[in-house]
Structure formats: structure tokens, C-alpha cells
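This report describes selected features of a protein model, from local backbone geometry to sheets and cores. The sequence and structure are shown first.

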Amino acid sequence: LYSMGTVDQRTIEKYEKEAKERNRESWFLAFIMDTNEEERAKGKTVEVGRAHFATETKRYTILDAPGHKNYVPAMIAGASQADVGILVISARKGEFEAGFDRLGQTREHAMLAKTLGVQKLIVVVNKMDEQTVKWKKERYDQCVKKITPFLKSCGFRVKREVIFIPISAITGDNVKEPVQASTCEWAVSINGNRSLLQTLDGLEMSGRDETAPLRVPVLDRFQDRGLIVMGKVDSGNVRVGQKVRVNPGNSNAVVDSIYIEEEEVVCARVGENVSIKLKGINEEQIVKGFVLSDRKRPASVCKTFVGQLQILELLEHRSLFTAGYNCIFHAHTIIEECTIRSLLKEMDMKTGKPKPSKPRFVKSNSVVWCRIEVEQEISIETFADMMQLGRFTLRDEGKTIAIGKVIKLDPLRK
């Protein structure tokens, strides 16, 4: 944002002064997105910060997601709206290792990004100017070499879907303009000597279907001379005057106005982050996790469904995954308590085929089909019908234990 000139110099000087008073001089750039007092005092992002900027060819929405493990639910909400993930890792000695060890957050974030539908991942190796690094290629190679096998295990096709870029955010090297050979000779040969912004401009987005039925998972809602909901258009498009269905809840509403980056527009296409003013519906009828959809082809509603789960690493004191297991279910903007009702079949990791006997339990690092029941009715779709609303994550005691996709929705009992 600073490099693109969306923050004026006076504001930056104010942030520099404030950071200096807190004895955290290098934090001033973080204050652009970390706006509340808790975030500035702790030096940690807590909520998903939102900002906009544009280059000559594209408009962007930045979703600054929290990195700390206590705020992963907020990170999930932010990443579920993203097309491209930028995973920032530190080249500083000790910091990369801390983020990437077994309990570090780099691993969980990369895995969640893939589960939540992020198509492309840019791994930014930051702090290359730092005194322990000094733009050394050995350190950059070390970070890339260590993280690549893990990204493959998350499901990323590294050659096609992952781009590595060395940068120094504090000096601006390789952020807007490519790094100069006088600063670092070898970096000129990385990624075709394209900077971070040039790389973003060159990315092509796939899987956006304007002909599909409208789906806008609700991220937030508030009153401002009418009811306004925020979210991302995951499929289809939305226009002023359109009659929509809000599920679960089966409520009807009409689109009164649409805003993109606070600018009023008559329609919004798939991929846009929007604020939509609705009429004919009150605040109690719509909450975070509900889905705005087409009235003729409304969003599906269920309370139980069959999912294919990849069990990652279970908690030490709950090392068996069985029927009756309770945890937290995350899908698009939904957060719900859920219970595993039954295990249906365990898949053989080598052959990809079901094992002959029905499992009574499974352990870490296994793949299983199971029936899951959530506390309240939710709006999701099967992965085959709509990938964006067919992915989910299970978390337990603040740790991601499984990632999955929806195979079949059970009809609601009347």
C-alpha cells in the first residue's frame, strides 16, 4: 500500500512516531493495516484487515489475515475470500525455523490456504536485507528447499501453483519494482526478475463461473440506513433489483444497492468482494455463515452430510477419531460445532480404494469417509457441484485436525 502511494507521507510519519514511542521502530508499516489498540500494543494482527489498491491492469482487495495461532478462525474467514495467498516467511535466522517447526504457524497457514480454495500461492521470503541474511542466496535456497516438500504434501502443485520471491518489505526491494543487481545480483534471475506486484498482475484466475447460480457467503452484516451484508461473490453475479434467497432460513430479500470499495455499482461479477444493501429482510434473519443465493436455484441446506476427510494430526489426548467425536466445523464463513455420527469407510492411502472392513476408529494421517452432523442447519454444497462451498476444515482445541470435502448432503428431516 505504501509503495503504491495509497498511504500519504504525513500518515506514515505519524505511524513512524507512534512505533518509535513503543520502541518498535520497524512496525510502522504494520500500523497501516493493524488499526486497533490491541493489535498495535501486541504487534499481532487480530482481525482480518481489509484495504484496496489498483495497478494499471487490475483492482485488488488485500485481506490481511492474522498469523498467530490464537486467531486462526479469523484467518480462515479471510482466506476463504481469497483467490491468491501470499505466505510471508522471514529469512532472519531463527525466525523461519520457529514458524516452520512442528508447532509453528507457517505449516498450518499453508495447509488452510489450500483447503480454503486459494488457487495460487506466492511465498514471499522477507527480511532479506536483515543483518544475519544480507541477501545471501544460501539462506534463500535453504528456506525454499525446506518449505517445498511441505507445500507438495498440502496438495499444491509447486511448479504450477507456487511462486517464490525474495523481498525486503522495509526497504521496498522487489515489492513494486524489481530488485536492482547492485543490491543483489542473484535475485535478478529469480522469477524472471519480476517484483511482487508484477507477479500478481501476471496471474490468471480460473474457475470463475458467471453462468453458475449466485452464491455470496455472508462474512458480516450491519445497519447503515438499511441492512448491509458483506461477502465475496463466489459464483454467478448479482445486480440491483435482483430477488435473492437467504439460506439457511429460507428468507427472501431484494438487492437494493451494491458497493465495491465503497463505490456504488449496478452489478458485481464473480470474484468481487462486495457490500450489498438488502430490503425486505431484517437483521435477525441473516447472520455470518448464511448464503445469499438465486431464488430459482437456491443454496442447499443440510444438517448432516457425508464428507471425505484427510485426518492430519490429532490431539495427543484424543488420538482416536471415532463416531461421537466433537469438534468445530469451518466452511466458507461458517463456524459451527459438529459431531461425527459414523465412520463409513477408510481409504487405503496407497491404492486410493476403500479398505475391506468398516472402521471403528482411525488415527492421524488417514483418509476416511464419515457422516457429520452440525448443531444448526447450514448452507453448503457438494464439492462436485461447487468447490468453493464444498471444502471444509475441522479444528479441535485451537488446532486443525482434518481437512475435507463434501461428498453428499443428507435431506433435511421434516
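E261 lies in the loop between β10 and β11 (263-265), where helices (H or I, at least four residues) and strands (E, at least two) are DSSP runs numbered from the N terminus. The phi of E261 is near 55°, a positive value in a residue other than glycine. At 32% relative accessibility, E261 counts as partly exposed; buried means under 20% relative accessible area, exposed over 50%, and partly exposed in between (1.4 Å probe, protein chains only).

The model is a predicted one, in which local features need pLDDT of at least 70 and side-chain atom pairs count only at pLDDT 80 or more, while totals for chains, interfaces and linings use all residues. Residues are numbered from 1 along each chain as its sequence is written, and side-chain values use heavy atoms, with hydrogens and water left out.

Most residues other than glycine have a negative phi, and most peptide bonds are trans. The table lists local backbone features of the model.

| Residue | Feature | Location |
|---|---|---|
| R225 | phi near 50° | loop between β6 (215-223) and β7 (227-232) |
| E261 | phi near 55° | loop between β10 and β11 (263-265) |
| N247 and P248 | cis peptide bond, omega about -10° | P248 in the loop between β9 (243-247) and β10 (251-260) |

R225 is exposed, with a relative accessible area of 79%.

**Strand β15**

Is strand β15 (residues 302-311) largely enclosed or open? Seven of its ten residues are buried, so the rest of the structure largely encloses β15. Two strands pair if DSSP finds at least two bridges between them. β15 pairs with strand β20 (residues 366-378) in the antiparallel sense over nine bridges, and V306 stands opposite R371 in β20. With strand β22 (residues 399-409), β15 forms seven bridges, also in the antiparallel sense; there, A402 of β22 is the bridge partner of I311.

**The three-stranded sheet**

An open sheet of three strands has the order β3-β4-β5, with parallel pairing. Its edge strands, β3 (84-90) and β5 (162-166), each pair on one side only. On average, neighbouring strands of this sheet are turned by 20° against each other, direction ignored; axes are lines fitted to C-alpha atoms, for helices over the stretch in contact, and angles run from 0 to 180 degrees between N-to-C directions. β3 and strand β4 (residues 120-126) run parallel and are joined by seven bridges, with I122 in β4 as the bridge partner of I86. Helix α6 (residues 137-153) packs on the sheet and touches β3, β4 and β5, its direction making about 160° with that of β5. Contact here means heavy atoms within 4.5 Å.

**Nonpolar cores**

A nonpolar core is a set of buried Ala, Val, Leu, Ile, Met, Phe, Trp, Tyr and Cys residues joined through side-chain atoms within 4.5 Å. The largest such core has 31 residues, and those with the most contacts inside it are I89, M128, Y140, L151, V162 and F164. At least two residues of this core come from each of β3, α4 (95-100), α5 (105-115), β4, α6 and β5. α6 gives the most, with six residues. Not counting residues up to four places away in sequence, L151 touches A110, L121, V123, F156, V158, V162 and F164. Another core, of 26 residues, lies apart from the largest one and includes F321, C338, L343 and I401.
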